[in-house]
Amino acid sequence: MSIDAASLFHHPDRNLALELVRATEAAAIRAVPWIGKGDKNAADKAAVDAMRAFLSTVDMDGVIVIGEGEKDEAPMLFNGEQVGSGSGPACDIAVDPIDGTSLTAAGRSHALSVLAVSERGTMLDASSVFYMDKIVTGPEGIGVIDIERPIGDNVRALAKALGKDVGDLRIAVLDRPRHEQLIADIRAAGAGTRLLLDGDVAGGINAARRDTRIDMCVGIGGSPEGITTACAIKALGGFMQGKLAPKDEAEAERGRAAGLDVDAILGLDDLVAGDNTFFVATGVTDGALCLGAKREGPIIRTESVVLRSKSGTLRRVQAEHLVEKWLDPADR
């Protein structure tokens, strides 16, 4: 089978990925002095400021469609904000300078700096509804899993598709009071759970990868994280469905006023249309997806993953950064 090389250069350009990773690296590095310090907003602000500064240097005409911070009035890159140099491809951007601010503040694992990019007009703007019910698996879930079915049925169907015993499955779920019944139902079906303190973006991505112990990620998490995750799942060839989860009727009405169908089952193409998405993540603290940013004497080491749906590629980027170039003297 021949590959049309020219088809891989459709905008956003393939080289955009290595520019984007500089923004997540910067956010992770600037968060390092705040790891374990108990101040999640300070960590988030440092990461936001760094990401904003580096995004301004990228040759693209970007608009933040999915920003973070609205749920708790934390620092944020706001929805509708223009980013990039203004030249180059027109892009939709989803950002989360730190997915897992509480994890960072506590010094716990699995915090990431993430952003996702797709062509202009292709990302669902779900900003009027803060939460989304999601279910994510690898490609084996395609045509097998349905978010409207009972979780026990989905667990058994996925086990059959994977050729595993139900008892060998591990299902990732955010550890929240709202998920008590969901967790009980998963365990009643015979599967094990992997309870996430925070950061369901990594949970979703690991559910779609072949080399992890997570087989499915399910439950209600942030809508921004849902759109960001969808960009990565497209690159991994996995399965994902979502359904908006307004907290009350007033929020449901805001969603409808913004043109959203709050009752619809959203597939990957509903969440992010097209097939030219980028997903970039840099580890803030150690996790299953990336190693965390670490200071070692005069350098800070980072590890990042870069995914692109057009080429179906996952790359790992490891880098060393001189502390004196990145941190203020007071933070060194």
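Let us begin with one pair of residues: Tyr131 stands opposite Gly222 in strand S8. Tyr131 belongs to a pairing between strand S5, residues 131–137, and strand S8, residues 216–222, which is antiparallel and extends over 7 bridges. Please keep in mind throughout that this is a predicted model.

How far may the prediction be trusted? The mean pLDDT of the protein chain is 90, and 92% of its residues reach 70 or more. Residues 1–10 are an exception to note, with pLDDT below 50; beyond near neighbours in sequence, this stretch has 10 contacts in the model. Where pLDDT is low, predicted coordinates should not be read in detail.

I return now to the sheet. In what order do its strands lie? The sheet is open, has 6 strands with mixed pairing, and follows the order S7-S6-S8-S5-S9-S10. Strand S7, residues 192–196, and strand S10, residues 266–267, stand at the edges; each has a single partner strand, so one side of each is left without a neighbour in the sheet.

Within that order, S5 also pairs with S9, running antiparallel and joined by 6 bridges. In that pairing, Val136 stands opposite Met240 in S9. On to the edge: S9 and S10 are joined by 2 bridges, again antiparallel, and here Gly242 stands opposite Leu266 in S10. Why is S9, residues 239–244, described as largely enclosed by the rest of the structure? The reason is that 5 of its 6 residues are buried.

Next come the helices that lie across these strands. Helix H5, residues 180–188, lies across S6, S7 and S8, and runs at about 155° to S7. Helix H6 lies across S5, S6, S7 and S8, and runs at about 155° to S8. How many residues of H6 are buried? The count is 9 of 9, and the helix is mostly covered. Among these buried residues are Asp200, Gly203 and Ile205.

Let us take one residue of this helix as an example. Asn206 lies in H6, which spans residues 200–208. Is Asn206 buried or exposed? Asn206 counts as buried because its relative accessibility is 4%, and the cut-off for buried is under 20%. Leaving aside neighbours within four places in sequence, Asn206 is in contact with Thr212, Ile214, Ala288 and Leu289.

A second example is Glu251, placed in helix H8, residues 249–257. Its relative accessibility is 1%, and therefore Glu251 also counts as buried. Apart from neighbours within four places in sequence, Glu251 is in contact with Ser128, Val129, Phe130, Ala245 and Pro246.

I turn now to the nonpolar cores. The largest has 40 residues, and those with the most contacts inside it are Leu20, Leu55, Met60 and Leu115. Which elements each supply at least two residues of this core? They are helix H1 (16–31), H2, strand S3 (90–99), strand S4 (112–119), strand S11 (278–283), strand S13 (299–308) and H10. The largest share, 10 residues, comes from H1. Leu20 illustrates how these parts meet: not counting residues up to four places away in sequence, Leu20 touches Leu55, Met60, Leu115, Val117, Phe278 and Val280. Apart from this core lies another, of 31 residues, among them Leu174, Leu196, Ala208 and Leu260.

What of the aromatic rings? The count comes to 1 aromatic pair. The rings of Phe54 and Trp326 have their centres 5.5 Å apart and their planes at 15°, so this pair is stacked. The pair links distant parts of the chain: Phe54 is in helix H2, residues 40–55, and Trp326 is in helix H10, residues 323–326, 272 residues apart. Phe54 counts as partly exposed because its relative accessibility is 21%.

Trp326 also leads us to the last residue of this talk. Arg30, found in helix H1, is in contact with Ala46, Ala50, Trp326, Leu327 and Asp328, leaving aside neighbours within four places in sequence. Arg30 is partly exposed, with a relative accessible area of 26%. Where does Arg30 stand relative to Asp49? The two are 19 residues apart along the chain, and their C-alpha atoms are separated by 8.8 Å.

To close, I suggest that you locate two places in the structure: the pair of Tyr131 and Gly222 in S8, and the stacked rings of Phe54 and Trp326. Thank you for your attention.

Definitions and conventions: Residues numbered from 1 in each chain as written. Predicted model: local features only at pLDDT ≥ 70, side-chain atom pairs only at ≥ 80, totals over all residues. Heavy atoms only, no water. Helix = DSSP H or I, 4+ residues; strand = E, 2+ residues; numbered from the N terminus. Buried < 20%, exposed > 50% of the residue type's maximum accessible area, 1.4 Å probe, protein only. Contact = heavy atoms within 4.5 Å. Phe/Tyr/Trp six-rings, centres within 6.5 Å; stacked < 30°, edge-to-face > 60°. Pairing = 2+ DSSP bridges. Axes fitted to C-alpha atoms, helices over the stretch in contact; angles between N-to-C directions. Core = buried A, V, L, I, M, F, W, Y, C linked by side-chain atoms within 4.5 Å. pLDDT = per-residue confidence, 0-100.
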